[in-house]
Amino acid sequence: MSVRTSLIYVAVATLSLLLGSCGNSDKEILKLVEERDSLRQLNASQTSLLRNYGQTMEVLNETFDSIALQESMIFTNGDETPITKEDVKYNLTRFASLLQTQREKIDRLEAQLRESSDSTEQSLHLIAYLRQQMSIKDSEIAQLREELEKKNVDLARLQGQVQSQTVTINELSQRTQKQSEALARQDAMLNNGYVMIASKDELTRKGILKKGKLVSNAIMDRSAFIKVDIREWREVSFFAKKPYILTDMPTSSYELTTAGNKTFTLRVLTPADFWRISNYLVSHTD
């Protein structure tokens, strides 16, 4: 669980206790509400930062892969015939066109990030570094074109030179791929939800309820819950006498219906609001 999510849980739990107490002033309650709302905004901002960084990594990966692929094709002509100077010149023109296309895509991404209040310095730094590498490739293309104008150009030597230069771009591609995989794992963790619908006795046995009250999220045993992806999970059906949701899910974000025979269905209407305060859903059935 992230630090910001833990802070939200603590603030909400404290608010619930104060609301149940008789001797606290409206000023104290109002202050806690403001703190809770501030933490919600922080959580939303951090989620947006993660999304923007993920978008940057996606574009970087695509750009590195396309550059590496096009660079590997400079000395190939698609058939079994020997490569000629004209073939290489044509391939260099295609490579230069690819770099320009990718440069325009990077321009659009950078402009979007700079306009966003949730842009990250790390994303902008990665873009700047990619620009530097693309400028290096421009220089290499110019150098190769100059070499090709020589009468006795050695294509094999030039090919070896290009192959040695592709090592850097391949290493960068592998590095960004690893970062993307780590980002995907982090994103999955942030989108984990934990669901438990059971009787009061069972919730007590599992340590979710103590003296009839919900324990703090910090001491809940996640292994006792059903783990769901909050981006995709929408409903659950269960048997109950009189179901009641113990965690703080806004009532406008879901609906609880029954088909009779003690069968109920909980449907999530707006996932962003439903999971906004807590990634835990606890409900008793009696």
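These are my notebook entries on a predicted model of a protein chain, set down in the order in which I looked things up.

**Entry 1: the chain as a whole**

I began with the secondary structure and found seven helices and nine strands in the protein chain. I then looked up burial, and of the 286 residues 41% count as buried. The exposed surface of the protein chain comes to about 16800 Å², and carbon and sulfur atoms supply 51% of that area. For the contacts, I took those between residues at least 6 apart in sequence, and noted that 73% of them join residues at least 24 apart.

**Entry 2: the largest nonpolar core**

I asked which residues of the largest nonpolar core touch the most other members. The core has 27 residues, and the ones I was after are Ile74, Phe75, Val88, Leu92 and Phe95. I also wrote down the elements that give two or more residues to this core, namely helix 2 (26–72), helix 3 (85–115), helix 4 (121–148) and helix 5 (155–190). As background I keep in mind that in soluble globular proteins nonpolar side chains tend to be buried together.

I followed Phe95 further and, leaving aside residues up to four places away in sequence, found that Phe95 touches Ile67, Gln70, Glu71, Ile74, Lys137 and Ile141. Apart from this core lies another one of 15 residues, among them Phe238, Ala240, Tyr254 and Phe274.

**Entry 3: two residues on the helices**

Next I checked Thr93, whose place is in helix 3, and found Thr93 to be partly exposed, with a relative accessible area of 46%. Thr93 and Ile141 are 48 residues apart in sequence, while their C-alpha atoms are 8.7 Å apart in space.

Is Glu147, in helix 4, buried or exposed? Glu147 has a relative accessible area of 14%, and because the cut-off for buried is under 20%, Glu147 counts as buried. Not counting residues up to four places away in sequence, Glu147 touches Val153, Arg157 and Leu158.

**Entry 4: the four-stranded sheet**

I turned to the strands and traced an open sheet of four, in the order 4-1-9-6, with mixed pairing. Strand 4 (226–229) and strand 6 (244–245) stand at the edges with a single partner strand each, so one side of each is left without a neighbour in the sheet. Within this sheet, strand 1 (residues 192–198) pairs with strand 4 in the antiparallel sense over four bridges, and I noted Val228 in strand 4 as the bridge partner of Gly193.

**Entry 5: the three-stranded sheet**

A further open sheet has three strands in the order 5-8-7, and here the pairing is antiparallel. Which strands stand at its edges? They are strand 5 (235–239) and strand 7 (254–260), each with a single partner strand, so one side of each lacks a neighbour in the sheet. The twist from one strand to the next averages 20°.

I then went along the pairing of strand 7 with strand 8 (residues 263–268), which is antiparallel and runs over six bridges. Leu256 stands opposite Leu266 in strand 8, and Glu255 stands opposite Arg267 in that strand. Strand 7 and strand 8 form a hairpin with two residues between them, and in the turn I noted Asn261, which has a positive phi of about 55°.

**Entry 6: the aromatic residues**

My last search was for aromatic pairs, and the count comes to six. One of them is Trp233 with Trp275, an edge-to-face pair at 6.0 Å centre to centre and 65° between the planes. This pair links distant parts of the chain, since Trp233 is in the loop between strand 4 and strand 5, Trp275 is in the loop between helix 7 (271–274) and strand 9 (280–284), and the two are 42 residues apart. Both Trp233 and Trp275 are buried.

Phe274 and Trp275 also form an edge-to-face pair, at 5.0 Å centre to centre and with 80° between the planes, and Phe274 is buried as well. Which residues make up the aromatic cluster? I found that Trp233, Tyr254, Phe274 and Trp275 form one cluster, and I added a cross-reference to Entry 2, as Tyr254 and Phe274 are among the residues of the 15-residue core.

Notes:
Residues are numbered from 1 along each chain as its sequence is written. This is a predicted model: local features need pLDDT of at least 70, side-chain atom pairs count only at pLDDT 80 or more; totals for chains, interfaces and linings use all residues. Side-chain values use heavy atoms; hydrogens and water are left out. Two strands pair if DSSP finds at least two bridges between them. Axes are lines fitted to C-alpha atoms, for helices over the stretch in contact, and angles run from 0 to 180 degrees between N-to-C directions. Buried means under 20% relative accessible area, exposed over 50%, partly exposed in between (1.4 Å probe, protein chains only). Contact means heavy atoms within 4.5 Å. Accessible areas come from the Shrake-Rupley method with a 1.4 Å probe; for residues, only the protein chains shown count as cover. A nonpolar core is a set of buried Ala, Val, Leu, Ile, Met, Phe, Trp, Tyr and Cys residues joined through side-chain atoms within 4.5 Å. Rings of Phe, Tyr and Trp (its six-membered ring) pair if their centres lie within 6.5 Å; planes under 30 degrees apart count as stacked, over 60 as edge-to-face and the rest as tilted.
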